[in-house]
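Visitor: I would like a close look at a single part of this structure, explained with care for someone in the first year of study.

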Amino acid sequence: MSRPDTPMTTGREERAAGRGGLEARLLVRRGDFALDLELTAAPGEVVALLGPNGAGKSTALRALAGLVPLADGYIRVDGRDLHRLPPERRGIGMVFQDYLLFPHLSALENVAFGLRCQGVRKRETRRIAAEWLERVGLAEYASARPRALSGGQAQRVALARALAVRPRLLLLDEPLSALDAHTRLEIRSGLRRRLAGFDGAAVLVTHDPLDAMVLADRLVVLEGGRPVQRGRPADVARQPRTEYVARLVGLNLYRGQADGRTVRVEGEGGARMELDTVDHVLGEVFLAFEPTAVALYRSRPEGSPRNVWRARVAAVERHGDRVRVRLQGPPLSAAADVTPAAVAELELTPGARVWAALKATETRVYPA
Amino acid sequence: MRAPAGGASPERGFGRRPPWMLVLPALVGLGFLVLPPAGLLLRAPWSTLGTRLADPRVLEALRLSLLTATAATGVCLVLGVPLAWVLARVPFPGARLVRALVTVPLVLPPVVGGVALLLVLGRRGLVGQWLDAAFGVTLPFTTAGVVLAQTFVAMPFLVISVEGALRAADLRYEEAAATLGATRWTVFRRVTLPLVAPGVLAGAVLCWARALGEFGATITFAGSFPGRTETMPLAVYLALETDPEAAVVLSLVLLAVSVLVLTALRDRWLDVA
């Protein structure tokens with residue numbers, strides 16, 4: 001699977017001209033909502049559209065498939081213009097959210113459906129469909145009706161059905177959301193393997209950051225119909241650029257003005273706060289740190305150089321084997337992860353006032 | 001039902017006796033629906049039933065009824081399913097009006113329907129005149145006329161049933177088919193139609209039953225010629241004046257046929273209450 005040559009962290013649009021794969025600019029208007037998204041995916045590359053509900057992820061996918069009309073823009077796959085064609089002539093494979101296997105057809109007939117539509121002879125379609133079922137490990141389920149399949153099996157049949165027509169662009173709409181938590185892990189890695197074997201461009205829509213991190217080569221984060229961040233999953237996770245992404249990957253994120261080794265961030269209620277860092281940067285920046293980097297004290301800590309501020313405990317919630325403490329400013333709101341023992345010792349209950357400390361070495365600063 | 005006073009089971013509802021204000025009219029209503037057919041069974045001339053059933057006039061009427069009702073259902077399917085699809089899927093100005101027009105035959109007295117058919121398709125009617133001149137085709141007082149009259153009164157049942165099924169069907173299956181390369185016609189044939197098949201079947205059964213019992217429009221538009229246009233309901237009505245026992249026998253046959261067909265279909269395919 002090919003990766004894009006450069007990590008895209010600047011939010012600038014990437015061009016894939018001449019490289020084949022997907023090149024698209026999608027403008028869709030629906031009432032008050034407007035989607036404006038430039039999107040590329042190289043052959044063999046999996047691009048994930050990540051975003052909260054209502055961000056326009058599914059609309060983007062439906063626009064690519066031709067199920068939603070473009071107000072403006074273009075869709076090109078391997079240099080071929082698709083945006084003026086109806087869905088049935090786009091040659092795109094799509095895996096729908098709850099798979100939408102035709103309930104009146106067997107698994108085999110479902111996979112053969114697309115080939116039949118292409119005018120392939122019936123015997124031939126059955127042979128090819130059987131091969132695809134074999135490839136996704138469901139050969140013995142050929143005559144099963146969709147309602148007899150488990151969620152994971154249905155997903156594999158849906159994938160086989162979409163791939164059987166040899167599309168050059170594969171669209172996956174929340175391919176794992178219909179599965180329960182403990183089959184999900186296994187199915188996710190299975191899907192990853194199969195996507196790796198697909199040589200066309202693939203666009204995946206998900207609201208689960210883990211799905212996106214595992215399955216995608218590149219992320220596009222959508223909020224309110226617009227891309228707010230693009231890049232390799234690891235880069236996006238390390239350097240989030242919006243509150244939404246920061247929350248998804250579990251980081252504290254602030255915007256501020258850097259002046260050498262200090263960053264002045266806008267805190268709660270107009271409060272300003274200066275944070276010491278180790279990166280030397282100037283100008284508009286993002287500052288991020290992990291919740292585990294925040295230490296809490298009952299009285300003002302002395303000694304080693306660190307950023308210290310006083311905050312009120314807004315909420316205390318369990319987070320794996322740690323406890324996440326939500327600190328409310330002014331001057332600064334943040335999430336801090338501490339041990340259950342610390343919660344008892346510091347008497348961390350909502351409303352309590354504590355001192356928070358953050359080492360300069362634990363902060364990450366990058367240009368905004 | 002048999003013991004309303006003590007029969008209320010405590011697990012159901014509020015665990016109290018159902019109020020007599022509801023139970024009493026319910027029982028009267030049930031009796032009203034069940035007693036007349038039961039009376040028919042009681043008054044049937046069972047001793048001479050065999051010979052009467054073998055009467056060629058009875059067999060002729062039965063054959064004609066089954067033939068025309070089935071043909072009418074066929075016409076309703078061929079025209080009504082596409083009509084239902086257009087009403088359910090194609091937004092067009094005046095759709096509400098068209099939907100109302102489709103249901104007119106439901107509320108129109110069948111005799112009026114027969115008169116209307118005569119005015120349009122009769123030998124001197126608007127369309128009938130032209131059919132006669134151009135093709136030498138006359139519809140009134142023919143078996144084809146019977147089928148037309150039955151189609152006219154029965155088609156709304158099919159259209160309403162199928163349109164309801166189409167509206168309830170999940171459109172995303174059709175989208176999935178489209179992304180797989182299916183044209184709209186293929187989508188209709190291979191996805192939409194199989195998905196709404198229960199609705200189509202329910203509609204067809206209602207349609208067939210309505211056509212089988214059709215009287216008013218048939219006698220007005222097609223008259224009653226034994227072997228040609230005299231269907232079972234017509235035969236029953238005419239026999240009642242000359243030979244009441246024959247009318248009872250014919251009614252019994254009609255009752256048996258409709259109950260048989262409806263229960264057979266309902267048990268196998270229909271989920272309608």
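Visitor: Which residues gather in a patch of positive charge on the surface?

Guide: This is a predicted model, in which local features need pLDDT of at least 70 and side-chain atom pairs count only at pLDDT 80 or more, while totals for chains, interfaces and linings use all residues. Residues are numbered from 1 along each chain as its sequence is written, chains are lettered from A in the order in which they are written, and side-chain values use heavy atoms, with hydrogens and water left out.

The patch of positive charge is formed by A:Arg116, A:Lys122, A:Arg126 and B:Arg189. Lys and Arg count as positive, Asp and Glu as negative, and His and the chain ends are not counted; the place of a charge is taken as NZ of Lys, CZ of Arg, CG of Asp or CD of Glu. A patch of this kind joins like charges within 9 Å, using residues with over 30% relative accessible area, an area that comes from the Shrake-Rupley method with a 1.4 Å probe and only the protein chains shown as cover. Its residues must also have no salt bridge, that is, no side-chain nitrogen of Lys or Arg within 4 Å of a carboxyl oxygen of Asp or Glu.

Within this group, A:Arg116 belongs to helix α2, residues 107-117 of chain A, where a helix is a DSSP run of H or I with at least four residues, numbered from the N terminus. A:Arg116 has a relative accessible area of 33% and is therefore partly exposed, a term for values between buried (under 20%) and exposed (over 50%).

As for the whole of chain A, 54% of its 368 residues count as buried. Chain A carries 55 positive and 44 negative side chains, and the centres of these two sets are 4 Å apart.

Notes
Buried means under 20% relative accessible area, exposed over 50%, partly exposed in between (1.4 Å probe, protein chains only). Patches are made of residues with over 30% relative accessible area and no salt bridge: like charges are joined within 9 Å, nonpolar side chains (Val, Leu, Ile, Met, Phe, Trp, Tyr) within 5 Å. Helices (H or I, at least four residues) and strands (E, at least two) are DSSP runs, numbered from the N terminus.
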